[in-house]
Amino acid sequence: VVNLNFKSDEGLFTEDQLEVLNTFIEYLHREIPIEDVNVKFVKEREGNMTTGVREPSGEMRILSGGRMLLDVLRTVAHEWVHEGQHQILGWKSTADDIGGPLENQANSLAGVYLKKFQVNHPEFMKILYK
């Protein structure tokens, strides 16, 4: 049984953006079926995050205020890959992995997943750039 828990600061997304976001997360879950997912979309940076962070507890926090939805989705995919590295592969990421195999894989796969999503959902193209 998978527990998907998503929270958002008030007013961050329009209804059509939420539809895209939910569809993208469902897609990511099919690609990387992680469990007990907790994603929090925040208006401003919190703690040690840049555009997103995956905490050791598994919670992902995604900076969403003032960003295009396309950029938010890429950050979601990046952090989702990190959680998959942890849950499925048993890899332990560290903050000093800049340019290392964990970061490179997360960057690469996030780009791939985002491009595949765009190709498979042309109906969302205008919304992605809001």
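Reader: Which side chain meets that of Asp16 in a salt bridge?

Author: In this predicted model, Asp16 belongs to helix H1, while its partner stands in the segment after H4, 114 residues apart, and the pair thus links distant parts of the chain. Asp16 is partly exposed, with a relative accessible area of 24%, and the partner likewise counts as partly exposed, at 48% relative accessibility. The N to O distance is 2.8 Å, and the side chain that meets Asp16 is that of Lys130.

Reader: How many salt bridges does the count come to?

Author: A pair is counted when a side-chain nitrogen of Lys or Arg lies within 4 Å of a carboxyl oxygen of Asp or Glu. Among the pairs are Arg54 with Glu83, where the closest N and O atoms are 2.2 Å apart, and Glu59 with Arg61, at 3.7 Å from N to O. By this rule the count comes to four.

Reader: Are Arg54 and Glu83 buried or exposed?

Author: The salt bridge between Arg54 and Glu83 has its closest N and O atoms 2.2 Å apart. Arg54 lies in strand S3 and Glu83 in helix H2, so the pair ties together parts that are 29 residues apart in sequence. To be called buried, a residue must have under 20% relative accessible area, and both Arg54 and Glu83 are buried.

Reader: Which residues are joined into one network by salt bridges that share partners?

Author: The side chains of Glu59 and Arg61 meet in a salt bridge, and of these two Glu59 is partly exposed, with a relative accessible area of 29%, whereas Arg61 counts as buried at 9% relative accessibility. Salt bridges with shared partners make one network of Glu55, Glu59 and Arg61.

Reader: Where does Arg61 lie?

Author: Arg61 is buried, with a relative accessible area of 9%. Once its neighbours within four places in sequence are left aside, the residues in contact with Arg61 include Lys40, Glu46, Asn48, Met49 and Glu55. Arg61 itself lies in strand S4, residues 59–63.

Reader: Why are the buried residues of H3 on the same side of the helix?

Author: The buried residues of H3 are Leu102, Ala106, Ala110, Tyr113, Leu114, Phe117 and Gln118. An α-helix has 3.6 residues a turn, so residues three or four places apart point the same way. On the other side of H3, Pro101, Lys115 and Val119 are exposed. The buried residues are placed on the same side because they cover an arc around the axis of only 130°.

Reader: Which helices do the buried residues of H3 pack against?

Author: Helix H3 comprises 20 residues, 101–120, which at 1.5 Å a residue should span 28 Å, and its end C-alpha atoms are indeed 28 Å apart. Helix H1, with 17 residues, should span 24 Å, and the 25 Å between its end C-alpha atoms agrees with this. In H1 the buried residues include Val20, Leu21, Phe24 and Leu28. The buried residues of H3 pack against helices H1 (15–31), H2 (69–87) and H4 (125–128).

Reader: What is the phi of Asp36?

Author: Asp36 has its place in the loop between H1 and strand S2, and at 46% relative accessibility it counts as partly exposed. Most residues other than glycine have a negative phi. Although Asp36 is not a glycine, its phi is positive, at about 50°.

Technical notes
Residues are numbered from 1 along each chain as its sequence is written. This is a predicted model: local features need pLDDT of at least 70, side-chain atom pairs count only at pLDDT 80 or more; totals for chains, interfaces and linings use all residues. Side-chain values use heavy atoms; hydrogens and water are left out. Helices (H or I, at least four residues) and strands (E, at least two) are DSSP runs, numbered from the N terminus. The expected span of a helix is 1.5 Å times one less than its number of residues. Buried means under 20% relative accessible area, exposed over 50%, partly exposed in between (1.4 Å probe, protein chains only). The arc is that of the directions from the helix axis to the C-beta atoms. Contact means heavy atoms within 4.5 Å.
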